[in-house]
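Dear colleague,

I am handing over the structure we spoke of, and below it I set out what was found, beginning with the charged side chains.

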Amino acid sequence: MHAYVADHGRGVSKSDIEQTTVAGRSITLSTDVDTDDQNLIADGIQATNPTEKECFANALRMWKHNSRLKYVEGFAAMNGLDAGGFEHAWCLLDGEHLVDPTTASFDHYYGVVIDDPEILHRYAEECPHEGILGNHKDRYAFLRDRGYVD
């Protein structure tokens, strides 16, 4: 998983995000999201009701709610915590602006947009709480299909 994310991912730095409240929920959001897009995000949060510790399912539900929200998996980290990052999922509005509907805890993100609708629909139905990249239950099928796992 680390190699795939390193090869295909991109980062979002702390200077480009903020922890804020949208639709009564503490989230992490790119600082350059305009008011109209914040309203779109608020609508998505109200419609999907994100749940703590369910980042994969939350991001998939947001993607299903509005296709402008691209599904992303990778790693997120907190300042001051020497853990190297946690497997995490979030969205990118229009593929550019970070929207993490699950938490307002992370300061750094590095991930890969997964935009294959067939794959996204399958995981949303079969195992939304497991994620796609690091899914050990399907023996890392996504990574195996791309030559990253034997």
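Lys 137 counts as exposed, at 60% relative accessibility, and in this predicted model its partner in a salt bridge is Glu 130, with the closest N and O atoms 3.2 Å apart. Glu 130, for its part, is partly exposed, with a relative accessible area of 24%.

The count of salt bridges comes to four, and those that share partners join Asp 37, Arg 68 and Asp 94 into one network. Within this network, Arg 68 meets Asp 94 with the closest N and O atoms 2.6 Å apart; because Arg 68 lies in the loop between α3 and β4 and Asp 94 in the loop between β5 and β6, the pair ties together parts that are 26 residues apart in sequence. The side chains of Asp 37 and Arg 68 also form a salt bridge, at 3.0 Å from N to O, and this pair links helix α2, where Asp 37 lies, to the loop that holds Arg 68, 31 residues apart. Asp 37 is buried, with a relative accessible area of 13%, whereas Arg 68 is partly exposed at 29% and Asp 94 is partly exposed at 37%.

Elsewhere, Asp 16, Asp 32, Asp 34, Asp 36 and Glu 96 form a negative surface patch, in which Asp 16 comes from the loop between β1 and β2.

As for helix α3 (residues 55-65), eight of its 11 residues are buried, among them Phe 56, Leu 60 and Trp 63, and what covers the buried residues includes α2, β4, β5, β6 and α4.

With best regards

Technical notes
Residues numbered from 1 in each chain as written. Predicted model: local features only at pLDDT ≥ 70, side-chain atom pairs only at ≥ 80, totals over all residues. Heavy atoms only, no water. Patch = residues over 30% accessible without salt bridge, like charges linked within 9 Å, V, L, I, M, F, W, Y side chains within 5 Å. Areas by Shrake-Rupley, 256 points an atom, 1.4 Å probe, with all protein chains shown as cover. Lys, Arg positive; Asp, Glu negative; His and termini not counted. Charge placed at Lys NZ, Arg CZ, Asp CG, Glu CD. Helix = DSSP H or I, 4+ residues; strand = E, 2+ residues; numbered from the N terminus. Buried < 20%, exposed > 50% of the residue type's maximum accessible area, 1.4 Å probe, protein only. Contact = heavy atoms within 4.5 Å.
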